[in-house]
2 protein chains.
Amino acid sequence: MKKFIDSPGTLLDTSLQGFAKAHADIVEVRTQPNFVLRKQRKTGKVALISGGGSGHEPLHAGFVGYGMLDAACPGQVFTSPTPDQMLEAAAAVDGGAGVLFIVKNYAGDVMNFEMAAEMLDGPSATVLVDDDVSLPKDHPIGRRGVAGTTIVEKILGAAAEQGYDLAACKALGERVVRATASMGVALTSCTVPALGHPTFELGADEIEIGVGIHGERGRETGKLLSASEIVGRIAGHIQQELNPPSGQAVLLHVNGFGATPLLELHLVYELAWQYWRERGLNIQRSLVGNFTTSLDMAGCSLTLSLLDDEMLGLWDAPVNTAALRWGC
Amino acid sequence: MKKFIDSPGTLLDTSLQGFAKAHADIVEVRTQPNFVLRKQRKTGKVALISGGGSGHEPLHAGFVGYGMLDAACPGQVFTSPTPDQMLEAAAAVDGGAGVLFIVKNYAGDVMNFEMAAEMLDGPSATVLVDDDVSLPKDHPIGRRGVAGTTIVEKILGAAAEQGYDLAACKALGERVVRATASMGVALTSCTVPALGHPTFELGADEIEIGVGIHGERGRETGKLLSASEIVGRIAGHIQQELNPPSGQAVLLHVNGFGATPLLELHLVYELAWQYWRERGLNIQRSLVGNFTTSLDMAGCSLTLSLLDDEMLGLWDAPVNTAALRWGC
């Protein structure tokens with residue numbers, strides 16, 4: 001295993017210290033337990049808290065700041081954070097208007113955020129993100145939360161900033177989740193530092209279609225395809241899921257898993273753009289880059305969000321975080 | 001070779017089309033010959049043009065926009081752009097105050113930008129970036145231009161925006177270059193699409209210290225070290241080169257080569273921060289992320305820039321590009 005680490009046990013804590021220093025104008029990092037919170041807090045607004053296993057950076061800590069999250073709780077790599085992190089984060093950022101937890105649909109995350117919500121004194125609500133259409137809708141543990149999370153967190157962050165109350169934030173979040181579908185493809189596995197070897201094996205001419213962001217095996221392991229074929233395949237599943245009417249306004253997000261060059265991500269964007277323009281969609285906004293990563297995995301995902309005017313306005317609203325910044 | 005491509009011959013053009021669409025609020029892309037230019041142009045300011053081989057994204061196209069570059073000329077992967085690209089770009093963005101070319105020190109780039117400057121009708125000047133201290137100062141072809149280029153382009157972009165004339169831009173650019181030193185380390189090679197196999201071979205327990213951004217062999221091939229040892233090694237070379245006085249204000253840039261997770265880059269930042277704080281430096285600004293990449297290479301570089309008040313103010317000035325954005 002080749003990584004920049006001193007030991008797997010100190011990787012996260014040291015990295016968080018570096019993150020805090022590199023973005024000291026935007027965030028603070030608290031330890032024991034670990035959480036990241038925005039520096040400029042605001043009373044009277046709903047506090048948005050997310051979190052999950054580390055290894056997906058910039059998600060979630062890179063989304064803490066004005067117009068997006070109030071706090072993020074990082075677990076160890078690919079490991080859920082614990083309720084004490086969420087409770088401490090809530091205590092630090094609760095502005096008196098309740099706490100909204102944004103949770104990717106993984107068993108550990110769901111359980112621990114539920115425990116935190118139960119133990120919390122004040123009002124709270126949860127938005128569950130389950131945008132990965134590579135699993136069927138009726139899968140026993142539900143669908144995974146993947147790159148659509150960035151879109152949910154951006155739109156909800158703007159809404160909370162503009163004074164939406166807790167119930168309105170929750171309703172909006174669930175609407176964004178329903179309007180959002182994602183699917184990914186891996187060219188390589190990733191390597192978890194504490195494990196020291198690739199999470200799964202792929203042959204030199206194989207790809208994994210429908211892969212999860214922890215390297216979960218997907219819908220099919222297949223032979224390497226051209227970029228156009230790959231885009232056609234995964235865009236097809238998203239199209240089938242959302243079935244958008246012609247003329248529908250959408251946001252198209254191409255997300256890199258960590259080791260795929262921007263040169264390739266923009267090529268994938270172009271191919272996906274052509275795919276959906278041929279189907280009559282009105283691609284109004286885009287996001288291309290590494291946002292929901294899977295350590296050093298080569299691969300990418302497509303996410304499509306059907307936009308209404310409210311969502312579009314909230315997407316465009318100012319944001320000032322380590323990883324997304326505009327209008328500020 | 002596993003990449004998202006249809007064919008090596010169409011990768012760049014298709015990717016540029018995607019880049020143009022994904023960032024249509026900031027840039028335009030012209031073809032035959034290829035160049036990227038900012039959408040909102042301005043007369044009366046020095047026009048900044050850079051360029052080089054593709055495969056280093058977001059450098060340079062991702063730095064085109066308000067407060068940074070006026071145009072970027074992308075060559076094929078790791079291949080110099082040609083003078084016709086630079087001349088067309090100059091014709092499109094010349095605002096009447098002359099053209100400044102920002103050129104990384106590689107033989108092909110230097111030659112082609114020189115030819116363009118000679119063929120250009122109006123006044124022009126060139127700033128050569130050669131920040132890579134892994135080669136000795138008296139190396140026959142000089143030192144390579146690497147991740148310090150981002151800092152040069154940001155500071156010069158702000159200066160041009162504020163009305164610095166051509167001579168002042170050139171003098172400032174050369175001052176920033178002299179104040180900037182970088183060194184990188186590769187954990188893996190990269191794979192050029194047209195080549196189809198890794199540029200160089202590294203054993204499973206080897207790293208390349210002093211690697212160039214095209215995978216040029218560096219100062220030494222050595223055994224895998226801990227992150228602290230690697231940082232100590234490359235920071236030591238930079239420290240020796242710049243020999244900053246205690247209390248010196250600096251900008252510390254940790255640049256990922258493409259396949260290294262942000263989790264590791266922030267760990268490297270923390271270790272480098274500690275290294276230089278122990279040596280009394282005043283780390284006033286930071287930049288951590290993938291800015292000058294080398295396709296899918298795992299690795300990173302450190303860059304240190306000694307800051308004066310003028311440089312600091314220009315660094316902080318508003319910028320609105322695909323890859324760097326603040327204050328706008």
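A salt bridge here is a side-chain nitrogen of Lys or Arg within 4 Å of a carboxyl oxygen of Asp or Glu. The model used in these exercises is predicted.

**Exercise 1. Count the salt bridges between chain A and chain B, and check one against the cut-off.**

Solution.
- Step 1: the rule finds four salt bridges across the interface of chain A and chain B.
- Step 2: take Lys21(B) and Glu270(A), whose side chains meet at 2.7 Å, N to O.
- Step 3: the cut-off is within 4 Å, so the pair of Lys21(B) and Glu270(A) qualifies.
- Step 4: turn to polar contacts. Across this interface 27 residue pairs are found, both partners at pLDDT 80 or more.

**Exercise 2. State which elements of chain A supply the side that touches chain B.**

Solution.
- Step 1: helices H1 (8–22), H6 (227–242) and H7 (262–278) of chain A are among those that each supply at least two residues.
- Step 2: strands S12 (282–289), S13 (299–306) and S15 (325–326) of chain A do likewise.
- Step 3: H7(A) gives the most, with ten residues.
- Step 4: by class, this side of chain A has 30 nonpolar, 16 polar and eleven charged residues.

**Exercise 3. Work out how chain A and chain B are related.**

Solution.
- Step 1: a turn of 180 degrees, with a shift of 0.0 Å along the axis, lays chain A on chain B at an RMSD of 0.0 Å.
- Step 2: the two copies are therefore related as by a two-fold rotation axis.
- Step 3: in chain A, the C-alpha of Ala259(A) is nearest the axis, 1.9 Å from it.
- Step 4: both copies use the same surface, since 100% of the contact residues of chain A recur in chain B.

**Exercise 4. Give the extent of the interface of chain A and chain B.**

Solution.
- Step 1: 57 residues of chain A contact 57 residues of chain B.
- Step 2: the two chains bury about 4800 Å² between them, 66% of it on carbon and sulfur atoms.
- Step 3: Lys2(A), Phe4(A) and Leu263(A) lose the most area in chain A, together 21% of what that side buries.

**Exercise 5. Describe the interface of domain 1 and domain 2 within chain A.**

Solution.
- Step 1: domain 1 spans 12–179 and domain 2 spans 181–306 in chain A.
- Step 2: their centres, taken over C-alpha atoms, are 23 Å apart.
- Step 3: the contact takes 25 residues from domain 1 and 33 from domain 2 of chain A.
- Step 4: these domains bury about 2200 Å² between them, 60% of it on carbon and sulfur atoms.
- Step 5: Phe78(A), Val133(A) and Ala179(A) supply 25% of the area on the domain 1 side, more than any other three residues.
- Step 6: the rule finds two salt bridges across this domain interface.

Methods: Residues numbered from 1 in each chain as written. Chains lettered and ligands numbered in written order. Predicted model: local features only at pLDDT ≥ 70, side-chain atom pairs only at ≥ 80, totals over all residues. Heavy atoms only, no water. Least-squares fit on C-alpha atoms with pLDDT ≥ 70 in both. Contact = heavy atoms within 4.5 Å. Buried area = accessible area lost by both parts, 1.4 Å probe. Polar contact = N/O pair within 3.5 Å; in protein donor to acceptor, adjacent residues only side chain to side chain. Helix = DSSP H or I, 4+ residues; strand = E, 2+ residues; numbered from the N terminus. Nonpolar A, V, L, I, M, F, W, Y, C, P; charged D, E, K, R; others polar. Domains from an automatic or database assignment.
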